[in-house]
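Q: Please walk me through reading the features of a structure like this one. I would like the general idea, then the case at hand.

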Amino acid sequence: MSSMIGDNIKVSLFGESHGSVVGATIHGLESGIKIDYEFIKHQMNLRKANDNLSTARVEEDEVKFISGVFNDFTTGAPLTVIIENKNVNSNDYPKMFRPSHADYTQELKYKGYQDYRGGGHFSGRLTAPLVALGSIAISILNSKNIKIGSHIKNIHNILDDDINFDDLDNYFNYVNNELFPVLNLNKKEEMKKEIGTAKENLDSVGGIIETVISLPSSIGEPFFDSLESKISHYLFSVPGVKGIEFGLGFDFAKYKASEVNDEFINDNKVRTLTNNDGGINGGISNNEPIVFRCVLKPTPSILKKQRSC
């Protein structure tokens with residue numbers, strides 16, 4: 001089993017949902033990076049179940065550094081974080097094949113030796129150490145004036161407002177501090193109601209997350225290491241993500257090229273009049289905001305009776 005990703009900076013992931021800890025190691029960080037413990041705690045709190053609309057599992061999610069940090073700075077050595085699993089009830093997870101979970105494929109690949117409790121190594125619980133390491137990455141990107149922000153584009157059939165790309169600074173500040181980042185407050189309440197209704201009916205709903213990145217030009221390579229390929233590789237590592245589109249995405253199929261080509265103008269600097277390509281041409285960032293959306297399937301962990309064998 002391999003749970004590692006990255007080139008110059010590599011991340012490896014370890015642990016199981018009902019094991020003693022989950023954790024991750026990041027290789028290749030420079031020495032001298034300040035560890036912002038409060039920011040890491042803030043990010044972990046955003047990930048937590050803060051209401052009755054998401055998982056019933058509530059963990060403290062205290063991040064512990066066991067290597068790679070000394071006197072609150074990175075040392076340059078591999079940096080490892082661990083997070084204890086405390087709210088665990090393994091009796092709720094007999095060995096069975098739950099619909100749309102990884103139970104069956106785990107059984108096939110690891111011949112019954114896998115830790116199946118709570119999904120084991122395939123559980124969304126393992127996103128916790130990824131958020132911890134991601135907090136360090138965000139701090140590094142912020143120092144380079146690279147901004148990332150996401151909002152809930154839609155839940156089930158309820159659609160949020162479009163992003164105002166003329167005011168991205170406010171967008172980033174708002175969504176990165178919201179537990180439930182939706183631009184239209186009325187739509188936020190509708191979405192929460194939709195989730196609550198599904199839960200009352202022992203069910204769940206899917207949704208789409210829209211992300212914007214303010215990134216310099218010339219990032220990425222053609223073909224195999226295109227910026228789209230790299231972003232997609234990481235996003236599909238998140239459990240539940242089943243699709244991604246950049247810019248206009250699948251809606252390109254509805255138009256002619258003359259209607260959706262991003263025309264260039266020189267307005268003190270070269271820029272495009274539109275951003276249907278989502279800020280990427282030939283796999284390389286073109287100085288416009290990177291825009292993409294990923295769809296997450298309804299969480300398969302529901303209480304409604306379903307068939308299995």
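A: Keep in mind that this is a predicted model. Start with helix 5. The elements that cover its buried residues include strand 8 (147-155), strand 9 and helix 4 (168-175).

Q: Which residues of helix 5 are buried?
A: Buried means under 20% relative accessible area. In helix 5, Lys188, Met191, Ile195, Gly196 and Ala198 are buried. They span an arc of only 160 degrees around the axis, so they sit on the same side of helix 5.

Q: Which exposed residues does the face turned away from the buried side of helix 5 carry?
A: That face of helix 5 carries Asn186, Lys193 and Glu200, which are exposed.

Q: How many residues does helix 5 have, and what span does it reach?
A: Helix 5 (residues 185-200) has 16 residues. From its first C-alpha to its last it reaches 23 Å, close to the 22 Å expected at 1.5 Å a residue.

Q: What should I look at around the start of helix 5 and just after it?
A: Look at side chains at the start and backbone angles after the end. At the start of helix 5, a side-chain oxygen of Asn184 comes to within 2.9 Å of the backbone nitrogen of Asn186. Just after helix 5, Leu202 has a positive phi of about 60 degrees.

Q: Now helix 6. Which of its residues are buried?
A: Leu227, Ile231, Ser232 and Leu235 are buried in helix 6. Their directions fall within an arc of 125 degrees when seen down the axis, so these buried residues line one face of helix 6.

Q: What do the buried residues of helix 6 pack against?
A: They pack against strand 11, strand 14 (280-281), strand 15 and strand 16. Helix 6 (residues 227-235) lies across strand 11 and strand 16. Its direction is at about 155 degrees to strand 11.

Q: How do I read a sheet that holds strand 11 and strand 16?
A: Strands of a sheet pair through backbone hydrogen bonds, either parallel or antiparallel. Here the sheet is open, has five strands in the order 9-8-10-16-11, and pairs antiparallel. Its edge strands are strand 9 (158-159) and strand 11, each pairing on one side only.

Q: How many bridges join strand 10 to strand 16?
A: Seven bridges join strand 10 (residues 207-214) to strand 16, and the two run antiparallel. For one register point, take Glu210: its bridge partner in strand 16 is Arg293.

Q: What is the order of the other open sheet of five strands?
A: Its order is 1-2-3-7-4, with antiparallel pairing. Strand 1 (4-6) and strand 4 (63-67) are the edges, each pairing on one side only. Neighbouring strands of this sheet are turned by 20 degrees against each other on average, direction ignored.

Q: Where do I find the bridges in that sheet?
A: Go pair by pair. Strand 1 and strand 2 pair antiparallel over three bridges. Met4 has Ser12 of strand 2 as its bridge partner. Next, six bridges join strand 2 (residues 10-15) to strand 3 in the antiparallel sense. There, Gly15 stands opposite Val22 in strand 3. Six bridges also join strand 3 to strand 7 (residues 79-84), again antiparallel. In that pair, Gly23 faces Ile82 in strand 7.

Q: How many residues lie between strand 2 and strand 3 in their hairpin?
A: Five residues lie between strand 2 and strand 3, which form the hairpin.

Q: Why is strand 3 largely enclosed?
A: In a regular strand the side chains alternate between the two faces of the sheet. Five of the seven residues of strand 3 (residues 21-27) are buried, so strand 3 is largely enclosed by the rest of the structure.

Q: Loops next. Where is Asn286, and is it buried or exposed?
A: Asn286 is in the loop between strand 15 (284-285) and strand 16 (290-296). Its relative accessible area is 19%, so Asn286 is buried. The side chains of Asn286 and Asn281 are joined by a polar contact of 2.8 Å. Leaving aside neighbours within four places in sequence, Asn286 is in contact with Ser217, Gly279, Ile280 and Asn281.

Q: Where is the place of Asp251?
A: Asp251 lies in the loop between strand 11 (241-246) and helix 7 (257-260). Asp251 is partly exposed, because its relative accessible area is 33%. Its C-alpha is separated by 22 Å from that of Lys230, 21 residues apart along the chain.

Note on methods:
Residues are numbered from 1 along each chain as its sequence is written. This is a predicted model: local features need pLDDT of at least 70, side-chain atom pairs count only at pLDDT 80 or more; totals for chains, interfaces and linings use all residues. Side-chain values use heavy atoms; hydrogens and water are left out. Buried means under 20% relative accessible area, exposed over 50%, partly exposed in between (1.4 Å probe, protein chains only). Helices (H or I, at least four residues) and strands (E, at least two) are DSSP runs, numbered from the N terminus. Two strands pair if DSSP finds at least two bridges between them. Axes are lines fitted to C-alpha atoms, for helices over the stretch in contact, and angles run from 0 to 180 degrees between N-to-C directions. A polar contact is a pair of N or O atoms within 3.5 Å; within protein, one must be able to donate a hydrogen and the other to accept it, and residues adjacent in sequence count only if both atoms are side-chain atoms. Contact means heavy atoms within 4.5 Å. The expected span of a helix is 1.5 Å times one less than its number of residues. The arc is that of the directions from the helix axis to the C-beta atoms.
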